[in-house]
Amino acid sequence: MTRVLRIVRQARWDSPGDLDWLAGDDIPAPPLLDFANTCNDCLSVWLVGEGGGDEHRIVTALAATRDKLDVFDYVLFAREHLDAARTELRAVGGDTADEGVNRHHRDLAPLSAARVLAITKKVWHEGQPPTRLSKRQVGQLIADAVRAGRIPMEGLSPKLREDIRRRLQNGPSEPPRPTQG
Amino acid sequence: MAEDPTLHEGQSTGEGPPKEVSPDEDEAILEVREDVAEALAEYLVSLRRGPADARLLGDHLSEGLLISALRLIGPGGKYPMDRGRFWQLMDRHCPFTPDDPDDKRHAGLVDEIESLFIAARNESFEDGFDSALSLGLQALVLKHGDAALEVVSNLILDERVSPDAAAEALRCLGQMESPGTREARRRLLERGLDCRAHVARDGAVIGLSDLRDLRTIGALERAAAREDYRLLRANMLALVEELKGISP
């Protein structure tokens, strides 16, 4: 199954057990922030799985575009959820240092307020809870990608490069164990 | 001033009984002293060649002392020192709380930190990127030490800043490399687990994961036991497991 990956902030999608105050299929407001920050009515997403790229490879490529190591929060949802919003997925190449994943980038467009709400509701109700990779796991993924030659060290920002260089000197990797609640 | 050559530095000030050193160690210490004196003399000579400004001499002298010593003990120096040991000694003999906590200076520091948080109201924070708030806070903590942390602590724990700004501050405090303020930062991050806003508590957990201090396990376990937000609770428990896996 092809899924869609979107970077979010996990805390916006978290909730205490009791959400009785929400009527019908309503959702809390904070998750909207992760889908409403559009650029020219578009939203940047990535395809993973069957019709897309490898989840961790895409996450690694995205994390490597940052200035420093940090946690990496993202949400995955079925491509079919986008049908509810009648939104198009436009093939627009990604801009990461890993050429092998850039073709899996898409722009969700055009987006209106109603469409953003419809998608966010679908993801909230039917998607997986957001995944968080710790800073250490992200560092290891990037170090592995650099070691494998998928991401050039010189493409990293100076602060990130220093961290990764230290990691490469320190040794072996550990597989990522995301937390999903 | 006459000195007993059998004493280590710092032991002549009454800190316990003097420790005897072997002739070899004694010789090494004397050699280091000579090297330091030589480097100092070289520096002072270079000062005399520059523009004479008596007011700056005190500052130059202290910088010269520091630079001479650092050249000797830094990587590639004649007596390279382990980085951890260096910070231990710095903490013990020259703790980084340089500013006197007099009222005027303290008020200035409070203003400066409050201004950072006020400016942060218009800032959007993004994972993986430094913010003006995080860079500003880190600089002030490095400069003012625990005094700055106390101000930040009051603002966050009294909920006088937005949850997002509190989270950003807590995250950047965990990330800093400032051994002299580590204890105060750990205490603040642990108290951050009690913030009312779950976003701020999340920032505290991320900060604590950067700190990697086994002593935070208890605080994290207690916080997890009372946490209503399930993803946040899972993050707390995951961090507890990670810390328990670290050899003390």
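# Reading a two-chain model

Author: A:Leu141 has its place in helix α5 (residues 135-147) of chain A, and we can begin from that residue, bearing in mind throughout that this is a predicted model.

Reader: How do I read its surroundings: is A:Leu141 buried or exposed?

Author: The idea is to count the C-beta atoms around a residue, and 20 or more others within 10 Å make it buried. A:Leu141 has 23 other C-beta atoms within 10 Å, and therefore it is buried. Distance along the chain is a separate matter, and here A:Leu141 and A:Asp34 are 107 residues apart in sequence, with 24 Å between their C-alpha atoms.

Reader: What would an exposed residue look like, and where is B:Glu177 placed?

Author: B:Glu177 sits in the loop between α7 and α8 (182-192) of chain B. The count needed for an exposed residue is 12 or fewer, and B:Glu177 counts as exposed because it has 9 C-beta neighbours inside 10 Å. From B:Glu177 to B:Leu142, which is 35 residues away in sequence, the distance is 9.2 Å from C-alpha to C-alpha.

Reader: Which kind of place does B:Glu168 have, buried or exposed?

Author: B:Glu168 lies in helix α7 of chain B, and it is buried, since 26 other C-beta atoms lie within 10 Å. Once its neighbours within four places in sequence are left aside, B:Glu168 is in contact with B:Phe125, B:Ser131, B:Leu133, B:Ser134 and B:Gly203. Its C-alpha atom is separated by 14 Å from that of B:Ser209, a residue 41 places apart from it along the chain.

Reader: How should I think about a nonpolar core, and which residues touch the most other members of the largest one?

Author: In soluble globular proteins, nonpolar side chains tend to be buried together. In this structure the largest nonpolar core holds 84 residues, and those that touch the most other members are A:Ile142, B:Ala166 and B:Ala169. Helix α7 (residues 163-175) of chain B gives this core its largest share, which is 7 residues. For B:Ala169, with neighbours within four places in sequence set aside, the contacts are B:Leu133, B:Leu137, B:Val152 and B:Ile156.

Reader: How do I describe a whole chain, and how many helices and strands are there in chain A?

Author: One can count the elements, then follow their order, and then turn to overall dimensions. Chain A has 6 helices and 6 strands, which follow one another from the N terminus as β-α-α-β-α-β-β-β-α-β-α-α. Its radius of gyration is 17 Å, close to the 16 Å given by the globule rule for 181 residues, so chain A is as compact as a globular protein of that length. The C-alpha trace of chain A spans about 55 × 35 × 30 Å along its principal axes, and 44% of its 181 residues count as buried. Of the contacts in chain A between residues at least 6 apart in sequence, 79% join residues at least 24 apart.

Reader: In what order do the strands of the sheet in chain A lie?

Author: The order of strands in a sheet is found by following which strand pairs with which. The open sheet of 6 strands in chain A has the order β4-β5-β2-β1-β3-β6, with antiparallel pairing. Its edge strands, β4 (88-91) and β6 (131-133), each pair on one side only, and the twist from one strand to the next averages 40 degrees.

Reader: Which strands are joined to β1 of chain A, and by how many bridges?

Author: Strand β1 (residues 2-7) is joined to strand β2 (residues 43-49) by 4 bridges, and the two run antiparallel; within β2(A), A:Gly49 is the bridge partner of A:Thr2. To strand β3 (residues 72-78) of chain A, β1(A) is joined by 5 bridges, again antiparallel, and in β3(A) the partner of A:Arg6 is A:Val75.

Reader: What does the same reading give for chain B, in helices and strands?

Author: Chain B has 11 helices and 0 strands, and buried residues make up 28% of its 248 residues.

Reader: Finally, how many residues of the two chains are in contact?

Author: In this model, 18 residues of chain B are in contact with 21 residues of chain A. On the side of chain B that touches chain A, α9 (198-211) and α11 (230-244) each supply at least two residues, and the residues of that side divide into 8 nonpolar, 4 polar and 6 charged.

How values were computed
Residues are numbered from 1 along each chain as its sequence is written. Chains are lettered from A and ligands numbered from 1 in the order in which they are written. This is a predicted model: local features need pLDDT of at least 70, side-chain atom pairs count only at pLDDT 80 or more; totals for chains, interfaces and linings use all residues. A nonpolar core is a set of buried Ala, Val, Leu, Ile, Met, Phe, Trp, Tyr and Cys residues joined through C-beta atoms within 7 Å. Two residues are in contact if their C-beta atoms, placed from the backbone, lie within 7 Å. Ala, Val, Leu, Ile, Met, Phe, Trp, Tyr, Cys and Pro count as nonpolar, Asp, Glu, Lys and Arg as charged, and the others, Gly among them, as polar. Two strands pair if DSSP finds at least two bridges between them. Axes are lines fitted to C-alpha atoms, for helices over the stretch in contact, and angles run from 0 to 180 degrees between N-to-C directions. The radius of gyration is taken over C-alpha atoms; the globule rule is 2.2 Å times the number of residues to the power 0.38.
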